[in-house]
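Here are some exercises to work through with the model on your screen. Try each task yourself, then check the steps below it.

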Amino acid sequence: MSERRILEPGPRHPIAIERHDSSPARVRVGGHVVADAPAHLSLAEASYPAVAYVDERYADAALLERSETTSWCPFKGEASYYHLRLPDGRLIEDAAWVYYDPAPAVAAIKGHLAFYPARVDAIETS
C-alpha cells in the first residue's frame, strides 16, 4: 500500500474556497429539509463544478446516519460519508461527505457537509 501524501493546490490543480456569510444554503430530499444554514462555503477545485459546503451544525442530525465509506483526496485528505435515513424509512446511501481533519490548504471545510446533487432533490444557495 502506498503512503498517502497531501499535495498542495497550485496552478495545475487550483482549489479556491469562498465564504458566503450572508448567503443561506438549504438541502432538500423527499419533502424534508436535510440542512438549512444561514451561510455556506463554496469550494471550486480544478475544472470540477463548485461544491457548496454547509456547517454540520445546520443539518438535521436525525436524518444523518454515519456510513463506513471513506475516500481519499490528495488535496483535501480523508472524507467520511453519511447516508440519509428519511422518516419513511428510505435510505439514500452515501449522500453526503465531510472532512473532519482536512489538509491545511482547505482547513475551512472542516466539519462542513457537502451533498451529491444526484442523491438529493435540491441544493439551494443564494
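**Exercise 1.** Find the residue with a positive phi in the hairpin of β4 and β5.

Step 1: Look between the two strands, where the hairpin has 5 residues. Strands here are DSSP runs of E, at least two residues long, numbered from the N terminus.
Step 2: Ala46 is your residue, with a positive phi near 50°.

A quick note before you go on: this is a predicted model, where local features need pLDDT of at least 70 and side-chain atom pairs count only at pLDDT 80 or more, while totals for chains, interfaces and linings use all residues. Residues are numbered from 1 along each chain as its sequence is written, and side-chain values use heavy atoms, with hydrogens and water left out.

**Exercise 2.** Work out which strands pair with β4.

Step 1: Start with β1 (residues 15–20), which runs antiparallel to β4 and is joined to it by 6 bridges. Two strands pair if DSSP finds at least two bridges between them. Arg19, for example, has Leu41 as its bridge partner in β4.
Step 2: Now take β5 (residues 51–55), which pairs with β4 in the antiparallel sense over 3 bridges. Here Leu43 has Val51 as its bridge partner, and Ser42 stands opposite Ala52.
Step 3: Put the pairs into the open sheet of 7 strands, whose order is β1-β4-β5-β9-β8-β7-β6. β1 and β6 (64–73) each have a single partner strand, so one side of each has no neighbour in the sheet.

**Exercise 3.** Is β4 mostly covered or uncovered?

Step 1: Go through residues 40–45 and check which are buried (under 20% relative accessible area, with a 1.4 Å probe and protein chains only; exposed is over 50%, partly exposed in between).
Step 2: You should get 5 buried residues of 6, so β4 is mostly covered.

**Exercise 4.** Describe the salt bridge that Arg28 forms.

Step 1: Recall the rule: a side-chain nitrogen of Lys or Arg lies within 4 Å of a carboxyl oxygen of Asp or Glu.
Step 2: The partner is Glu124, and the closest N and O atoms are 3.0 Å apart.
Step 3: Place both residues: Arg28 sits in β2 (residues 25–29) and Glu124 in β10 (residues 122–125), so to speak distant parts of the chain, 96 residues apart.
Step 4: Check accessibility: Arg28 is partly exposed at 32%, and Glu124 is partly exposed at 32% too.

Definitions and conventions
Helix = DSSP H or I, 4+ residues; strand = E, 2+ residues; numbered from the N terminus.
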